[in-house]
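Me: I am new to this structure and would like a close look at a single part of it. Please start with any pairing of aromatic rings, and then work outwards through the surroundings in a connected way.

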Amino acid sequence: QADELRASLAREAETRGALEVDLGRARAALEAQTEAAARLGADVAALQRLKAELEAEVARLAGALDTSEKTRGELAEVSDRALAQVELLNRQLAAVRGQLDELNKALETARNESAAKELKLEELGRELNLALAARVQELARYRSEFFGRLRAALGEREGVAIVGDRFVFPSEVLFPSGSADVSEDGLRQLTRLGETLKDIARDIPSDLPWVLQVDGHTDRRPIATARYPSNWELSTARAVAIVKFLRDQGVPAARLAATGYGEYHPLDPGSTDAA
């Protein structure tokens with residue numbers, strides 16, 4: 001269940017990551033445009049100061065025109081040049097203001113796109129949380145039903161103990177000592193288990209991830225044979241033997257897993273022969 005959920009979350013995270021990359025790019029573009037707007041604003045201010053200086057010069061020259069007939073021609077020529085420069089500056093100033101208006105529009109568009117992407121990210125986050133909560137709830141419901149039906153089928157049988165959310169079959173019921181070959185009595189018990197599992201598996205939706213993990217254990221007595229160099233190999237071989245048997249009984253192989261614990265997780269930590 002966890003692997004499927006992680007895969008689903010990873011896909012949603014990739015989508016969210018892509019949106020965050022787009023948002024980062026939009027923000028970077030917005031910052032660049034803001035800097036450009038600041039530079040254009042500074043240019044506009046400089047042009048306005050220069051225009052004011054030229055207009056003051058024009059006013060001064062116009063006043064000087066009245067002071068002397070002798071210099072009237074020269075002053076008029078200078079005044080014409082100043083007025084022409086002022087006109088040029090006015091046109092440049094208008095062009096800069098036009099560029100500034102376009103930049104402001106682009107900035108507003110970028111802000112709107114950024115806000116829309118942030119809203120989309122929030123919506124995706126809410127949808128992801130809702131989907132995750134629904135899937136967890138669905139998993140919990142089927143897990144409870146799975147466990148309940150197994151308990152009803154196996155809980156009253158002799159030799160089968162329920163420990164937490166595990167059904168424990170004593171090794172001596174399933175295997176001879178030091179062996180991973182299932183005994184005749186063990187085969188009968190596993191056949192009933194396989195039938196129960198197949199009935200339950202048919203009722204679980206195919207898109208709902210679930211795995212039945214078979215845990216193999218041994219006692220503390222060491223083993224060192226060519227086939228089983230240690231209790232790890234023996235416990236793993238026992239788990240694999242049961243998994244293969246259940247698979248052969250029709251339980252989907254993709255729903256089975258085998259784990260070997262050796263002697264390191266005993267149900268009874270004692271050192272007696274029974275333990």
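Reply: Counted by the rule for ring centres, there is one aromatic pair in this structure, which is a predicted model. Its partners are Trp232 and Tyr264, whose ring centres lie 5.2 Å apart with their planes at 45°, so the pair is tilted; planes under 30 degrees apart would have counted as stacked, and planes over 60 as edge-to-face. This pair links distant parts of the chain, since Trp232 belongs to helix α5 while Tyr264 sits in the segment after β4, 32 residues apart. As for accessibility, Trp232 counts as partly exposed at 49%, and Tyr264 is likewise partly exposed, with a relative accessible area of 48%.

The surroundings of this pair can be followed through helix α5. That helix covers residues 231-248, and together with β3 and β4 it makes a right-handed β-α-β unit. The two strands of the unit, β3 with residues 212-216 and β4 with residues 256-260, pair with each other in the parallel sense, over five bridges. One position to look for in this pairing is Leu212, which stands opposite Leu256 in β4.

Another residue of helix α5 is Ser235, and at 0% relative accessibility Ser235 counts as buried, because the limit for that word is under 20%. The side chain of Ser235 reaches the backbone nitrogen of Gly262, at a distance of 2.8 Å.

The loop between β3 and α5 is worth tracing next. Thr218 is found in this loop, where it is buried, with a relative accessible area of 10%. The side chain of Thr218 makes a polar contact, at 3.5 Å, with the side chain of Asn231, and residue 231 is where helix α5 begins. Ala224 is found in the loop between β3 and α5 as well, but Ala224 is exposed, with a relative accessible area of 72%. From Ala224 to Leu234 there are ten residues in sequence, and the C-alpha atoms of the two are 9.7 Å apart in space.

At the other end of helix α5, which closes with residue 248, the side chains of Arg247 and Asp248 meet in a salt bridge, with 3.2 Å from N to O. Arg247 is partly exposed, with a relative accessible area of 40%, whereas Asp248 is exposed, at 56%. Side chains of opposite charge can pair when their charged atoms come close. The structure holds seven salt bridges, and two others to look at are found in helix α4, as described next.

Helix α4 spans residues 184-203, and its length can be checked by a simple argument: at 1.5 Å a residue its 20 residues should span 28 Å, and the end C-alpha atoms are 30 Å apart, which agrees. Within this helix, the side chains of Asp185 and Arg188 meet in a salt bridge of 3.4 Å, N to O. Because they are three residues apart in helix α4, Asp185 and Arg188 are separated by about one helical turn. Asp185 is partly exposed, with a relative accessible area of 36%, and Arg188 counts as partly exposed at 47%.

Further along helix α4, Arg202 forms a salt bridge with Asp199, and here the closest N and O atoms are 2.2 Å apart. Arg202 and Asp199 both lie in the helix, three residues apart, or about one turn. Arg202 is exposed, with a relative accessible area of 58%, while Asp199 is partly exposed, at 34%. Helix α4 also has buried residues, among them Gly186, Gln189, Leu190, Leu193 and Ile200.

To place these parts in the whole, it helps to step back to the chain. There are five helices and four strands in it, and from the N terminus on, the elements run α-α-β-β-α-α-β-α-β. The chain has 275 residues, of which 28% count as buried. Returning to the starting point, the aromatic pair joins Trp232 in helix α5 to Tyr264 in the segment after β4, and that same helix lies within the right-handed unit formed with β3 and β4.

Notes. Residues are numbered from 1 along each chain as its sequence is written. This is a predicted model: local features need pLDDT of at least 70, side-chain atom pairs count only at pLDDT 80 or more; totals for chains, interfaces and linings use all residues. Side-chain values use heavy atoms; hydrogens and water are left out. Two strands pair if DSSP finds at least two bridges between them. A crossover is right-handed if, with the strands pointing away from the viewer, the path from the first strand over the helix to the second runs clockwise. The expected span of a helix is 1.5 Å times one less than its number of residues. Buried means under 20% relative accessible area, exposed over 50%, partly exposed in between (1.4 Å probe, protein chains only). A salt bridge is a side-chain nitrogen of Lys or Arg within 4 Å of a carboxyl oxygen of Asp or Glu. Rings of Phe, Tyr and Trp (its six-membered ring) pair if their centres lie within 6.5 Å; planes under 30 degrees apart count as stacked, over 60 as edge-to-face and the rest as tilted. A polar contact is a pair of N or O atoms within 3.5 Å; within protein, one must be able to donate a hydrogen and the other to accept it, and residues adjacent in sequence count only if both atoms are side-chain atoms.
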